[in-house]
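Biologist: I would like to learn how to read a model of this kind, feature by feature. Please give the general idea where there is one, and then the case at hand.

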Amino acid sequence: MANKESPAEVQRMRQLLQQFDQCDDGKIELSQLGDCLRVLGANPSERCVQQHVRQLRAGHIERVPYDEVLSIYASIVSSARKAAKESGPGTMAEQLILGLRFFDEHNTGFISAARLARVLTTCGERLSKEEMNELLVGHVNDQGLVNYVEFVHALTSFK
């Protein structure tokens with residue numbers, strides 16, 4: 001794995017992957033790839049995960065070795081870092097909007113409130129359901145969608 005993680009960090013990542021290894025053979029189920037990448041700290045889109053799954057299935061791989069998962073992780077993180085450098089640092093609001101744009105599959109400016117709640121209560125610094133409900137008050141339209149640009153600006157301008 002061509003990455004810049006320390007040996008201790010790689011060991012920590014392997015320990016995280018062991019939690020998904022039901023056969024104790026140093027491999028995870030292909031169906032768990034997205035979850036494992038997210039637990040490791042990557043934030044791949046579902047489309048990205050499915051692309052990797054298709055490539056692995058084409059190679060007749062149903063259980064993915066840790067080293068392969070770590071290699072996929074490194075490529076996703078590297079691509080994200082490259083994209084961040086190309087787009088510049090930006091403001092916190094711009095970064096949040098860019099992150100939420102990944103969930104806007106049809107480029108409408110809206111994402112489902114349920115999906116937003118799921119992401120914010122299950123990924124990264126997790127919010128409680130109560131915190132999430134409090135944040136969504138007044139931001140969900142009658143179709144159950146959130147204008148994520150307005151949502152982010154409301155959050156970042158709140159003092």
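Modeller: We go from the whole chain to helix packing, then to the cores and a few loop residues. Keep in mind that this is a predicted model.

Biologist: How many helices and strands does the protein chain have, and in what pattern do they follow along the sequence?

Modeller: The chain has eight helices and four strands. From start to end the pattern reads α-β-α-α-β-α-α-β-α-α-β-α.

Biologist: What box do the C-alpha atoms fill, and what percentage of the residues count as buried?

Modeller: Along the principal axes, the box is roughly 50 × 30 × 30 Å. Of the 159 residues, 32% count as buried. Contacts along the sequence can be added to that: among those between residues at least 6 apart, 59% join residues at least 24 apart.

Biologist: Next, helix packing. How are two packed helices described?

Modeller: By two quantities, the angle between the axes and the distance between them. Take helix 2 (residues 33–40) and helix 3 (residues 46–58): the angle is about 125 degrees and the axes are 9 Å apart. An angle between 115 and 145 degrees falls in the oblique class, and helix 2 and helix 3 are therefore oblique to each other. Helix 2 passes helix 3 in a right-handed crossing.

Biologist: Which residues of helix 2 and helix 3 meet?

Modeller: Helix 2 brings Leu33, Gly34 and Arg38, and these meet Glu46, Val49, His52, Val53 and Leu56 of helix 3. Sorted by class, the contact holds four nonpolar, two polar and two charged residues.

Biologist: At what angle do helix 1 and helix 2 pack, and how far apart are their axes?

Modeller: Helix 1 and helix 2 pack at about 145 degrees, with 10 Å between the axes. Their crossing is right-handed. Arg12, Met13, Leu16 and Leu17 of helix 1 make the contact with Cys36, Val39 and Leu40 of helix 2. That contact divides into six nonpolar residues, no polar ones and one charged residue.

Biologist: Where do the axes of helix 5 and helix 8 come, and at what angle do they cross?

Modeller: The axes of helix 5 and helix 8 (residues 148–157) come within 9 Å and cross at roughly 145 degrees. This crossing is right-handed. On the helix 5 side the contact is made by Ala93, Leu96, Ile97, Leu100 and Arg101, and on the helix 8 side by Tyr148, Val149, Val152, His153 and Thr156. Seven of these residues are nonpolar, two are polar and one is charged.

Biologist: Now the cores. What tends to happen to nonpolar side chains in soluble globular proteins?

Modeller: They tend to be buried together. In this model the largest nonpolar core has 24 residues, and the members that touch the most others are Leu17, Ile28, Leu33, Leu37, Leu40, Val69 and Tyr73. Helix 1 (7–18), helix 2, helix 3 and helix 4 (66–87) each give two or more residues to this core. The largest share, seven residues, comes from helix 4.

Biologist: Which residues is Leu37 in contact with, leaving aside its neighbours within four places in sequence?

Modeller: Leu37 is in contact with Ala42, Pro44, Val69, Ile72, Tyr73 and Ile76. Apart from the core of Leu37 lies another core, of 15 residues, among them Ala93, Phe103, Ala113 and Leu136.

Biologist: Last, the backbone. What sign of phi do most residues other than glycine have?

Modeller: Most have a negative phi. His60 has a positive phi of about 60 degrees although it is not a glycine. His60 is found in the loop between helix 3 and strand 2 (63–65). Asn107 also has a positive phi, near 55 degrees, and its place is the loop between helix 5 (92–101) and strand 3 (110–112).

Biologist: Are His60 and Asn107 buried or exposed?

Modeller: The cut-off for exposed is over 50% relative accessible area. His60 has 73% and is therefore exposed, and Asn107, at 62%, counts as exposed.

Biologist: Where is Gln19 placed, and how far is its C-alpha atom from that of Cys36?

Modeller: Gln19 is in the loop between helix 1 and strand 1 (27–29). Its relative accessible area is 62%, so Gln19 is exposed. Gln19 and Cys36 are 17 residues apart along the chain, and their C-alpha atoms are separated by 9.4 Å.

Technical notes: Residues numbered from 1 in each chain as written. Predicted model: local features only at pLDDT ≥ 70, side-chain atom pairs only at ≥ 80, totals over all residues. Heavy atoms only, no water. Axes fitted to C-alpha atoms, helices over the stretch in contact; angles between N-to-C directions. Parallel < 35°, antiparallel > 145°, perpendicular 65-115°, else oblique. Left-handed = near helix turned anticlockwise from the far one by under 90°. Contact = heavy atoms within 4.5 Å. Nonpolar A, V, L, I, M, F, W, Y, C, P; charged D, E, K, R; others polar. Core = buried A, V, L, I, M, F, W, Y, C linked by side-chain atoms within 4.5 Å. Buried < 20%, exposed > 50% of the residue type's maximum accessible area, 1.4 Å probe, protein only.
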